[in-house]
Number of protein chains: 2
Amino acid sequence: MAISFTEENYLKVIHRLSEATSEDISTNAVAELMQTKAASVTDMLRRLAEKGWVNYQKYQGVRLSAEGEKIALSIVRKHRLWEVFLVDKMGFNWDEVHEIAEQLEHIESDQLIHKLDEYLGFPKTDPHGDPIPNKDGILPELAYSHLSDIKANKTCKLMGVAQDSAVFLQLLTKLHLSLGAKLDIQEINEFDRSIFVSINEAAPIFISHEVAKNILVKILA
Amino acid sequence: MAISFTEENYLKVIHRLSEATSEDISTNAVAELMQTKAASVTDMLRRLAEKGWVNYQKYQGVRLSAEGEKIALSIVRKHRLWEVFLVDKMGFNWDEVHEIAEQLEHIESDQLIHKLDEYLGFPKTDPHGDPIPNKDGILPELAYSHLSDIKANKTCKLMGVAQDSAVFLQLLTKLHLSLGAKLDIQEINEFDRSIFVSINEAAPIFISHEVAKNILVKILA
DNA sequence: AATAATTTTTAGATTAACCTAAAAAATAAA
DNA sequence: TTTATTTTTTAGGTTAATCTAAAAATTATT
């Protein structure tokens with residue numbers, strides 16, 4: 001069945017919200033991410049339900065059906081593969097690719113995506129450390145910790161970010177925090193939970209709790 | 001001013017029709033290429049004229065304005081650069097790329113197109129030999145001849161095709177006719193203007209006038 | 001030049017995606 | 001457990017892009 005760009009975006013947004021919770025997703029939450037009004041969302045949810053892509057009961061919120069989930073994951077897959085392309089092949093920075101990938105994710109050609117995947121060397125994650133679903137829509141669960149949850153004197157590796165906003169990513173770049181960086185947590189300040197951390201053996205720098213919350217790490221020792 | 005995919009496609013179609021003639025373009029001609037009805041075209045032409053992208057007088061046909069021409073050329077540029085990408089980098093055949101490029105041509109990012117151009121080595125033509133407009137919308141005039149117009153005993157080089165349809169391109173591939181091939185015209189048959197031609201020094205093969213009409217060549221000797 | 005044929009435009013509807021304002025349902029507070 | 005607040009839905013409209021059918025303009029033919 002044919003699907004519009006708008007419908008794809010709704011499914012993607014519902015999918016994103018569903019990752020954070022096991023509850024049903026509220027109309028307002030969708031409206032906020034879609035940058036539209038609740039009334040418009042109600043309209044669309046009714047139509048998505050008719051097409052069998054979501055389960056939706058008036059006033060009870062919405063969830064993706066199995067088919068809707070499959071569609072959403074294929075869009076996420078395309079988005080993330082294109083992001084890898086933009087950074088690895090086209091030389092964009094990791095904070096510049098989101099908008100362009102938002103457009104490219106709607107290009108329809110299974111063959112193209114398969115060739116792109118191959119061309120990129122079957123990457124496992126996008127430039128922000130987010131896992132890339134495979135063609136069957138299996139999304140490997142990467143169970144990383146938030147840097148804000150790690151104890152002092154631990155060593156870890158920066159595996160991803162919990163947020164793709166350009167301002168956040170630019171800040172990380174300024175702080176020399178990039179994917180794969182080795183982080184030694186020197187001290188956690190009780191006052192505001194800010195952290196002194198050494199990046200790749202360099203002199204320790206100061207990081208706010210807010211930043212640490214959005215950094216995903218793997219504990220090494 | 002914002003432009004929709006549909007508007008972009010109309011401008012592209014009007015541009016294509018304008019290349020073949022210096023006359024104004026008729027509503028019906030646009031309707032046929034856009035695969036829509038004349039009434040819908042009239043509607044759209046009125047709106048394109050309001051936006052200043054075409055000059056249009058009721059019943060008198062339509063032409064692109066300078067600004068419309070610029071937009072059309074930027075779409076053609078994107079389309080052809082993406083075609084080069086699909087063939088050179090992704091390994092598609094020349095008869096497989098049109099549909100996908102029709103989608104990719106609407107991706108909006110000057111930076112991306114610039115980087116893509118660079119990545120591809122600033123190609124001058126697409127995989128069908130069509131010239132790629134530069135970023136200022138200058139389209140190099142490649143004055144090639146149709147194979148059907150060449151005299152017997154001449155040697156020429158296959159520089160492009162006058163048609164991008166998959167069936168035509170697949171036929172050329174079967175006949176081992178690809179861009180750059182050296183063609184020796186052995187004999188032109190009076191009966192139906194079919195041609196005996198030797199491709200890259202191989203034994204001569206038989207080609208219909210219809211095929212020859214759609215092959216563009218440069219005369220070598 | 002008058003009539004016929006064709007092309008183009010207008011008129012009026014339809015669909016997807018949105019909107020505002022008001023009504024209804026669900027949730028929270030007194 | 002009423003009342004107040006918040007959330008969600010309905011009702012009714014708008015816009016872009018399309019359609020069909022009918023009217024108007026242009027072009028071709030006698």
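Select B:Cys156 and B:Ile219 in this predicted model. B:Ile219 belongs to β8(B) and is the bridge partner of B:Cys156. Now widen the selection to the two strands: β4(B) and β8 (residues 215-219) of chain B run antiparallel and are joined by five bridges.

**Across the sheet of chain B**

Keep β4 (residues 155-161) of chain B and add β5 (residues 182-188) of chain B; three bridges join these antiparallel strands. To find the register, pick B:Lys157, which stands opposite B:Lys182 in β5(B).

Next, select β6 (residues 195-199) of chain B together with β7(B). This pair is also antiparallel, with three bridges. Here B:Ile195 faces B:Ile207, a residue of β7(B).

Show the whole sheet. What is the order of its strands? In chain B the order reads β3-β8-β4-β5-β6-β7, six strands in an open sheet with antiparallel pairing. At the edges are β3 (145-146) and β7 (205-207) of chain B, each of which pairs on one side only. Strands of a sheet pair through backbone hydrogen bonds, so displaying those bonds is a way to follow the ladder.

**Two crossing helices in chain B**

Hide the sheet and select helix α1 (residues 5-19) and helix α4 (residues 66-89) of chain B. Their axes come within 9 Å of each other and cross at roughly 95°. An angle from 65 to 115 degrees counts as roughly perpendicular, and α1(B) and α4(B) are therefore roughly perpendicular to each other.

Show the side chains where the two helices meet. From α1(B), pick B:Glu8, B:Leu11, B:Lys12 and B:His15; from α4(B), pick B:Gly68, B:Glu69, B:Ile71, B:Ala72, B:Ile75 and B:Val76. Coloured by class, this contact of α1(B) with α4(B) shows five nonpolar, two polar and three charged residues.

**DNA strand C**

Select DNA strand C and the 20 residues around it; A:Ser4, A:Ala39, B:Ser26, B:Asn28 and B:Ala39 come nearest. Two or more residues of this surface come from each of α1 (5-19) and α3 (38-50) of chain A, and from each of α2 (27-34) and α3 (38-50) of chain B. Which element gives the largest share of the surface near DNA strand C? That is α3(A), with five residues. Colour the surface by class: near DNA strand C there are nine polar, six nonpolar and five charged residues.

**DNA strand D**

Move to DNA strand D, which is surrounded by 20 residues, the closest being A:Ser26, A:Asn28, A:Ala39, B:Ser4 and B:Ala39. The elements that each supply at least two residues to this surface are α2 (27-34) and α3 of chain A and α1 and α3 of chain B. The largest share near DNA strand D, five residues, is from α3(B). By class, the surface near DNA strand D has six nonpolar, nine polar and five charged residues.

**Where the two protein chains meet**

Hide the DNA and display the contact between chains A and B, to which chain A gives 13 residues and chain B gives 13 residues. On the side of chain B that touches chain A, α5 (98-104) and α6 (110-119) of chain B each supply at least two residues. The largest share of that side, four residues, comes from α6(B). Its classes are seven nonpolar, three polar and three charged residues.

**Two positive phi angles**

Most residues other than glycine have a negative phi. Two loop residues are worth selecting for this angle.

Start with A:Phe122, where phi is near 50°, a positive value in a residue other than glycine. A:Phe122 sits in the loop between α6 (110-119) and β3 (145-146) of chain A. Is A:Phe122 buried or exposed? A:Phe122 is exposed, because 10 other C-beta atoms lie within 10 Å and 12 or fewer is the cut-off for that label.

Then select B:Tyr59, in the loop between β1 (54-56) and β2 (62-64) of chain B. Phi of B:Tyr59 is near 70°, again a positive value in a residue other than glycine. B:Tyr59 has 7 C-beta neighbours inside 10 Å and so counts as exposed.

**Last stop: the whole of chain A**

Show chain A as a cartoon: eight helices and eight strands are there. Along the principal axes, its C-alpha atoms fill a box of roughly 55 × 40 × 25 Å. Colour by burial, and 30% of the 221 residues of chain A count as buried. On a contact map of chain A, 57% of the contacts between residues at least 6 apart in sequence join residues at least 24 apart.

Notes
Residues are numbered from 1 along each chain as its sequence is written. Chains are lettered from A and ligands numbered from 1 in the order in which they are written. This is a predicted model: local features need pLDDT of at least 70, side-chain atom pairs count only at pLDDT 80 or more; totals for chains, interfaces and linings use all residues. A residue is buried if 20 or more other C-beta atoms lie within 10 Å of its own, exposed if 12 or fewer, and partly exposed in between; C-beta atoms are placed from the backbone. Two strands pair if DSSP finds at least two bridges between them. A residue is near a molecule or strand if its C-beta atom, placed from the backbone, lies within 6 Å of it. Ala, Val, Leu, Ile, Met, Phe, Trp, Tyr, Cys and Pro count as nonpolar, Asp, Glu, Lys and Arg as charged, and the others, Gly among them, as polar. Two residues are in contact if their C-beta atoms, placed from the backbone, lie within 7 Å. Axes are lines fitted to C-alpha atoms, for helices over the stretch in contact, and angles run from 0 to 180 degrees between N-to-C directions. Angles under 35 degrees count as roughly parallel, over 145 as roughly antiparallel, 65 to 115 as roughly perpendicular and the rest as oblique.
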